[in-house]
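Here is a quick tour of a two-chain model, starting with a strand pair and working outwards. Have the coordinates open while you read.

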Amino acid sequence: MEYHLTTPIPPEDLKKISIGDIVYLTGTVVTARDEAHLKALELHKKGEKPPVDFKGIGLFHCGPVMKKNEEGEWIVVAAGPTTSARMEIFQDEFIRVFQPGIIIGKGGMGERTTKACQEETCIYGYFTGGAALLAANRIKKVKDVFWFEELGMPESLWLFDVENFGPLTITIDTHGGNMTEKSKKKIEENKNKIIQNL
Amino acid sequence: MIMKDIAQVIEDTAVGLLKLAATELPTEVKEVLIKSENTTEGALGKSQLHAINENVRIAESEIKPMCQDTGLVSFFVKVGDKFPLKSEIKTALIKATKRATEKVPLRPNAVDMFKGNTNNNVGIRGYVPWFYFDLVEGDKCEIIAMPKGGGSSNVGKMKMVPPGKGIKGVKEFVVEAVAAAGPLACPPYTVGVGVGGGEDMCMNLAKKALLRPLFKYHEDESIASIEKELLSILNKLEIGAMGLGEGPSVLDVHMEFAARHPASLPVGVVISCWALRHAGATIDKEGNVELHPH
């Protein structure tokens, strides 16, 4: 099935979606990698709020290449997904605290994230890894950037307006489904067979 | 006077190589990715390969980096005995890395553990970009620029295999390393394997093996046959394009062997994402530049 979602995504829209479905997202997406996850959670622990309200929007595992145009405004050069597995160690806590609607990345995420997605109504979608220019073409506007001086270009929070951002292949749904974990089990079985026959 | 000009030629050439590597895949990589899209049957795998190929076309026509991760920069340099410059080559390549970061642009990827991102892809402690220098006969200097993304570097592996396990132990470890990479590092992969030397040399050889053009197998028949065997068995892992189980898992496997210590069998596995990026050129002592076929 193919779905077109708009942020903030209502939880009832997320619940309709299952693993293997294709999603196109319109609205607000914010990039966050390792450092930004850590910093947002640290602020929360201190009782402070990060500069972006993540609720119902797209959280994009991405460290883009950006440059300034002649008017001094930021523009996106390339913005594909980074490997999401690195964020597995704090993604569940991030979902519980900040309630994003959809996480966008590549390579899939593990059991902790799957559980948080099920309990907090969030989904995870794959954008083709490395397809940074296809992604950049769907970003209509750079709305803002936070933590640039401190974290540098790849790790900053870049706030984007996107239109029909996708195709995103859903590999974690709100029902506890995780497509990547299934393929990883199959790879493991195949590996054992191959090694036996060497 | 001549010296200064040649340093400038090296710098300008290296900026061009970093740009070419970031924006355009070597021909044989482009061709095998298109062939893979055409022969993949499942819709999920086909759509991933279609997106990759579309993205590669845009990168080439708009001269933009194909992936936002423009990598950590390394240079493979062969310096001829009679080539007029030696250490100045390094200086020129460091300057080129800074210039290319602005010009292409490349993402600033050199992060100091304590002082943060240097914003120019050059480390403050002198190791990045990384150089592989070799001294050769003649009066030319060959430079290959190889930017490598973090995602695929994260799945590189080294193991000191017990020598008693022999070549079977080598194959087993390669299968384990690629299976562990699974969907994480943007498959279909190209796999470089280095066997022998020491714990550091095997990794260097594995990385160097990635520079050999795809489908050009080792000149030693017995090594070539292991490369082909590994290509076939690694595809039985069924990782598929982007790890979704459809399409090729591995595009090619290249191996380099060095002599080993009797007590050691070091094996290094370096994995490239689908975007196997490198570009090379040879500069002669007068400063004439010949780009390598790309």
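Start with one pair of residues: Val77(B) sits opposite Ile143(B), a residue of β5(B). Keep in mind throughout that this is a predicted model. The strands around that pair are β1 (residues 72-80) and β5 (residues 141-148) of chain B, which run antiparallel and are joined by 8 bridges.

Zoom out a little and you get the sheet. It is open, has 5 strands with mixed pairing, and reads β4-β1-β5-β10-β11 in chain B. At the edges are β4 (130-136) and β11 (289-291) of chain B, each pairing on one side only. On average, neighbouring strands of this sheet are turned by 20° against each other, direction ignored.

Now for the helix that goes with these strands. Helix α4 (residues 87-103) of chain B lies across β1, β4 and β5 of chain B, and its direction is at about 150° to β1(B). With 17 residues, α4(B) reaches 25 Å from its first C-alpha to its last, close to the 24 Å expected at 1.5 Å a residue. Which residues of α4(B) are buried? They are Ile89(B), Ala92(B), Leu93(B), Ile94(B), Ala96(B), Thr97(B), Ala100(B) and Thr101(B). As background for reading such a list, an α-helix has 3.6 residues a turn, so residues three or four places apart point the same way.

Next, the place where the chains meet. Here 47 residues of chain B are in contact with 39 residues of chain A. On the chain B side, α3 (43-62), β3 (116-117) and α6 (166-181) each supply at least two residues. The biggest giver is α3(B), with 9 residues. By residue class, the side of chain B that touches chain A divides like this:

| Class | Residues on the chain B side |
|---|---|
| Nonpolar | 24 residues |
| Polar | 13 residues |
| Charged | 10 residues |

That leaves chain A itself, which has 7 helices and 9 strands. Its radius of gyration is 17 Å, close to the 16 Å the globule rule gives for 198 residues, so chain A is as compact as a globular protein of that length. Along the principal axes, the C-alpha trace of chain A spans about 60 × 35 × 35 Å. How much of chain A counts as buried? The figure is 52% of its 198 residues. Looking at contacts in chain A with a separation of 6 or more, 66% come from residues 24 or more positions apart.

How values were computed: Residues numbered from 1 in each chain as written. Chains lettered and ligands numbered in written order. Predicted model: local features only at pLDDT ≥ 70, side-chain atom pairs only at ≥ 80, totals over all residues. Contact = placed C-beta atoms within 7 Å. Helix = DSSP H or I, 4+ residues; strand = E, 2+ residues; numbered from the N terminus. Nonpolar A, V, L, I, M, F, W, Y, C, P; charged D, E, K, R; others polar. Pairing = 2+ DSSP bridges. Axes fitted to C-alpha atoms, helices over the stretch in contact; angles between N-to-C directions. Expected span 1.5 Å × (residues − 1). Buried ≥ 20, exposed ≤ 12 C-beta atoms within 10 Å, placed from the backbone. Rg over C-alpha atoms; globule rule 2.2 N^0.38 Å.
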